[in-house]
Amino acid sequence: MNMIQAINSAMDVMMERDPDVIVMGEDVGFFGGVFRATAGLQKKYGKTRVFDTPITECGIIGVAVGMGAYGLRPVPEIQFADYIYPALDQLVSEAARLRYRSGGEFTAPLTVRSPFGGGIFGGQTHSQSPEGIFTHVSGVKTVIPSTPYDAKGLLIAAIEDNDPVIFFEPKRIYNGPFDGRYDKPARNWSAHPAGEVPEGYYRIPLGKANIVREGEALTVLCYGTMVHVVEATIEGLGIDAEIVDLRTLVPLDIETIEASVKKTGRCLIVHEATRTSGFGAELSALVQERCFYHLEAPIERVTGFDTPYPHSLEWAYFPGPVRITEALKKILKD
Amino acid sequence: MAQNEGRRNLRSLELHVPEPKFRPGDSVDYSDLVIPPAGSAPRPDIDARPDSFHELAYSLVRVLDEKGNAVGPWAPRLAPDLLREMLRNMALTRAFDERMFRAQRQGKTSFYMKCTGEEAVAVAAAYALDRDDMCFPAYRQQGLLISRGWSLVDMMNQIYSNKGDRLKGKQLPIMYSVKDAGFFSISGNLTTQYPQAVGWAMASAAKGDTRIAATWCGEGSTAEGDFHSACTFASVYRAPVILNVVNNQWAISSFSGFAGAESTTFAARAVGYGIAGLRVDGNDILAVYAATEWAAERARTNQGPTLIEHFTYRAEGHSTSDDPSQYRSADESSEWPLGDPIARLKQHLVALGEWDEERHAAMDLELAETVKAAAKESEKNGILGHGLNNHPFESMFEDVFEEMPWHLREQCAQMLEEQKAAGL
């Protein structure tokens, strides 16, 4: 399966298992979603379980919170993460706080799916990576898969989770892994081992990172599309790096991170999101606090620049092989 | 550029900024406020088309006339026992408010909000809805909890953030949450409950349930985007929901003109969404009851949502942190042409020969005692200290998530160490 099919399959599996799971969002019903992630679900489960919504993100999330309070398990879609901001009040003030403020009387077991990230010439409003906004909010979990296998297992776990989960789908790798070489032909998931996805139910626990590649020279912390860009770049350079795909940002798998950096003594953080106050800052602070006496070089970050996501200069902006290579040289200098 | 030549003779544009009619020190004259006579508004069929509500959205459903008689097609013909119960619950709500306002002034709690003058809005709804219908209130519908027989002590425990507070001192006073009484957790963020109520109602419909939802916001909060999204969703999916707008004329210091009242009514908003819209005398408990019962039946028979504007007056300050004498005339409340909801129901019962001054005075005394006894009971669980007396430190970290993740466990341990080091 490609990642879209895996995500579709996760929703299919969960709708089959739990009659309280419902799917809603702009264009998700009859049409099956602008990325086809919900294709066929309305036909299979009916219009009262999979339906199109008006174009109002605050409404979509607000309604989903109410459905959650009733006892349903909604899986709302926000068409692009760039358009999640109108729903911020409902996510930050309501979904994230409902359990806390009601002493556990009411909960918001939503899974908000949203395509995110750049690398597709999406310009300013089809490329953003707003995960740092959500990791800053207490009460929500933030999950980002990097393969079809993980996407399905993590999405099933997210839907089953009783806390609100923001599930960001890296749309650049919906159809195939991306090594950052935008001038090379696209690959698809059929050639990748993680493109093998079981038909039925399985889950990948939230809060567990995945060591994509073991190594001794340094630790690279990354997630989403960047996992593949990092992997291809270090393979090209022949560096013995340990690549940790975080998979869940909150709650974070701190044990895996700590063990890896203590072993390698060096740490590189890579994400597409803008740098200042991005999630990389949190990762860097945690590594510094916990691994200070093991560090042999300053922690480096390769991130998007602190600018809106540009259209024509995308490949200068994107944390691709060129930028990662420079950071690796710096961190491995002595 | 030739066009610019001609423009020189045009009058300058002017920005209209609304201004209330009366400010502090002004004498109040409501003579230009149009109050249709009781009984004059027609009562449409339950399945009337949404586009037929234009007149009702600009009129005022009223049942109790100036003499206290219940007149017209909306008169609900309730048994005297029920009317006395409603009267009692309005008076109990007022007595509760009085006591808790004083408790705030005495420093027993940090904050309180009264609903004086608006008691009919929530009390009537509690009677017109079924107990298992879900309410998504704003912060001024305490009458719902009181009328549904919820424990005053439990409400006060929340206000005092004491040991008995089921919300463990996490919430600002009056932000109740009572699932058992169909009362959704109150949020400080205005109108967020509106789309949530619609979602709850949609869920009920999707599951083939028979329960409906109701929600409330003030007229000021109708300006929020969530009001628009909720009305759109409610209309699109014909959700079994009642959308109440409590137009008490004031949003803190801003008069209703800042929410658009100079040009139209709030009930009229319904027309544009294709929702049935009723405008009701909010100080007439029989009118509120009748309108809510009508809307509930409409919702329960899959005819869709209703928006009800309750035309009323916020008789007191916005909250214990507010001084209304700074922005409005002191006479506004006493001159309000729709009177006081308790006085009006009392007059009706007296007119029916079912009530008298003596019984009313005795009831007020008894209710004051009831509230006092509840307050004493609640105070045994403690009053607001400095946030450090009533709840274990570690409870602050509970309920953020279903299970406490490592980073919260670490922060909790760190806090306990800090408190210990400081000798606390």
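Which residue is the bridge partner of C217(B) in strand 3 of chain B? In this predicted model, the partner of C217(B) is V245(B). The report begins with that strand and then turns to chain A and to the pockets.

**Strand 3 of chain B**

The pairing of C217(B) with V245(B) belongs to a wider contact: strand 2 (residues 213-218) of chain B runs parallel to strand 3 of chain B, and six bridges join them. Between these two strands the chain passes through helix 8 (residues 225-236) of chain B, and the resulting β-α-β crossover is right-handed.

Strand 3 of chain B also pairs with strand 7 (residues 306-311) of chain B, again in the parallel sense and over six bridges. Here L243(B) has L307(B) of strand 7 as its bridge partner.

The side chains of strand 3 of chain B may be followed one by one. V241(B), L243(B), V245(B) and N247(B) point one way, while I242(B), N244(B) and V246(B) point the other way, and all are buried. A residue counts as buried when its relative accessible area is under 20%. Seven of the seven residues of strand 3 (residues 241-247) of chain B meet this condition, so the strand is largely enclosed by the rest of the structure.

**Chain A as a whole**

Chain A contains twelve helices and twelve strands. Its radius of gyration is 19 Å, close to the 20 Å that the globule rule gives for 334 residues, so chain A is as compact as a globular protein of that length. The C-alpha trace of chain A spans about 60 × 45 × 35 Å along its principal axes. Of the 334 residues of chain A, 64% count as buried.

**The two largest pockets**

Rolling a probe the size of a water molecule over the atoms shows where empty space is left. The table sets out two pockets.

| Pocket | Volume | Lining residues by class |
|---|---|---|
| Largest pocket | about 980 Å³ | 25 nonpolar, 16 polar, seven charged |
| Second largest pocket | about 720 Å³ | 16 nonpolar, eight polar, eight charged |

The largest pocket is lined by 48 residues, and T135(A), H136(A), V250(A), F279(A) and E282(A) are the closest to its centre. Elements of both chains give two or more residues to this lining, including strand 11 (267-274) of chain A and helix 14 (406-421) of chain B. Helix 10 of chain A gives the most, with seven residues.

For the second largest pocket, the lining has 32 residues, of which K21(B), L33(B), Q249(B), S256(B) and F311(B) are the closest to the centre.

Note on methods:
Residues are numbered from 1 along each chain as its sequence is written. Chains are lettered from A and ligands numbered from 1 in the order in which they are written. This is a predicted model: local features need pLDDT of at least 70, side-chain atom pairs count only at pLDDT 80 or more; totals for chains, interfaces and linings use all residues. Side-chain values use heavy atoms; hydrogens and water are left out. Buried means under 20% relative accessible area, exposed over 50%, partly exposed in between (1.4 Å probe, protein chains only). Helices (H or I, at least four residues) and strands (E, at least two) are DSSP runs, numbered from the N terminus. Two strands pair if DSSP finds at least two bridges between them. A crossover is right-handed if, with the strands pointing away from the viewer, the path from the first strand over the helix to the second runs clockwise. On a 1 Å grid over the protein atoms alone, a cavity is a set of points where a 1.4 Å probe fits but cannot get out, and a pocket is an open set with protein on both sides within 12 Å along at least five of seven lines; lining residues have an atom within 4 Å of a point. Grid points are joined across faces, edges and corners, and a volume is the space filled by probe spheres set on the points. Ala, Val, Leu, Ile, Met, Phe, Trp, Tyr, Cys and Pro count as nonpolar, Asp, Glu, Lys and Arg as charged, and the others, Gly among them, as polar. The radius of gyration is taken over C-alpha atoms; the globule rule is 2.2 Å times the number of residues to the power 0.38.
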